[in-house]
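Colleague: I'm new to this one. Could you show me how to read its pockets and its charged side chains?

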Amino acid sequence: MSETHLIVLWEYARADQRRVLDDISGRLDIIHTEVLSWPGDPVACFGRFYGANLADANGKVSTCGGGPFRLIVVRDNSPVYGLRETSRGLERVNLTLFDLKMRYREWTGGGHKVHTTNSTVEFKRDILLLTGRSAADWENGRPT
């Protein structure tokens with residue numbers, strides 16, 4: 001069964017967006033991609049987006065940028081789950097998305113300038129926060 005996921009290139013990762021998009025297209029189905037901007041103060045928006053998992057929203061803006069970011073909605077037609085060490089400890093994650101995130105972080109100079117969803121639960125939360133549309137709205141492509 002396929003899964004829908006999210007890859008986000010925060011502002012300072014966008015210089016490598018063509019390379020990332022080319023790589024994704026060989027691995028996953030790209031449902032939609034567009035450039036979005038935060039609707040208000042980036043520090044407050046990052047704080048809401050990451051919640052308790054983000055200790056320093058000001059630092060996030062300094063390292064990732066607070067300007068326009070690239071949203072990429074993808075479909076993984078063959079999801080495989082396994083354990084990976086995350087910033088929250090050992091977690092069961094979608095291995096393809098997690099490993100791509102680590103690859104793209106390396107390509108973009110390290111740090112956390114790239115975000116991916118590690119599970120369908122995380123996708124449901126993140127897509128709603130970033131677009132105001134539910135995960136179900138995205139299942140068959142970009143909502144109208």
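Modeller: Sure, we'll go through the pockets, then the salt bridges, then a lysine. Keep in mind that this is a predicted model.

Colleague: Okay, pockets. How much space lies in the largest pocket?

Modeller: About 530 Å³. To get your bearings, look for Y50, S87, R88, R105 and H115, which are the closest to its centre among the 24 residues that line the pocket.

Colleague: And which elements each supply at least two residues of that lining?

Modeller: Helices α2 (42-50), α3 (57-64), α4 (95-107) and α5 (120-131), along with strands β4 (81-86) and β6 (114-116). Next, check the lining by class: seven residues are nonpolar, nine polar and eight charged.

Colleague: What volume does the second largest pocket have?

Modeller: About 170 Å³. Here the lining by class is eight nonpolar, one polar and one charged. Among the lining residues are W38, P39, F49, F69 and L129. Helix α2 gives the largest share of this lining, three residues.

Colleague: On to charges. How many salt bridges does the count come to?

Modeller: Seven. When you read one, look at how far apart the charged atoms are, then at where the partners sit. Take R18 and D22, whose closest N and O atoms are 3.2 Å apart.

Colleague: Why are R18 and D22 separated by about one helical turn?

Modeller: Because they are four residues apart in helix α1 (residues 17-25). As for accessibility, R18 is exposed at 53%, while D22 is partly exposed at 44%.

Colleague: Which residue in the salt bridge between R125 and D126 is buried?

Modeller: D126 counts as buried because its relative accessibility is 1%. R125, at 36%, is partly exposed. Their side chains meet at 2.7 Å, N to O. Bridges can also share partners: D23, R27 and R103 are joined into one network that way. Within it, R27 and D23 have their closest N and O atoms 3.0 Å apart. D23 is buried at 14%, and R27 is partly exposed at 43%.

Colleague: You promised a lysine. Where is the place of K101?

Modeller: In helix α4. K101 is buried but has no salt bridge. The nearest side chain of opposite charge belongs to E122, 6.0 Å away; since a salt bridge has to be within 4 Å, that pair doesn't qualify.

Colleague: What does the side chain of K101 make a polar contact with?

Modeller: With the side chain of N118, at 3.2 Å.

Key
Residues are numbered from 1 along each chain as its sequence is written. This is a predicted model: local features need pLDDT of at least 70, side-chain atom pairs count only at pLDDT 80 or more; totals for chains, interfaces and linings use all residues. Side-chain values use heavy atoms; hydrogens and water are left out. On a 1 Å grid over the protein atoms alone, a cavity is a set of points where a 1.4 Å probe fits but cannot get out, and a pocket is an open set with protein on both sides within 12 Å along at least five of seven lines; lining residues have an atom within 4 Å of a point. Grid points are joined across faces, edges and corners, and a volume is the space filled by probe spheres set on the points. Ala, Val, Leu, Ile, Met, Phe, Trp, Tyr, Cys and Pro count as nonpolar, Asp, Glu, Lys and Arg as charged, and the others, Gly among them, as polar. Buried means under 20% relative accessible area, exposed over 50%, partly exposed in between (1.4 Å probe, protein chains only). Lys and Arg count as positive and Asp and Glu as negative; His and the chain ends are not counted. A polar contact is a pair of N or O atoms within 3.5 Å; within protein, one must be able to donate a hydrogen and the other to accept it, and residues adjacent in sequence count only if both atoms are side-chain atoms.
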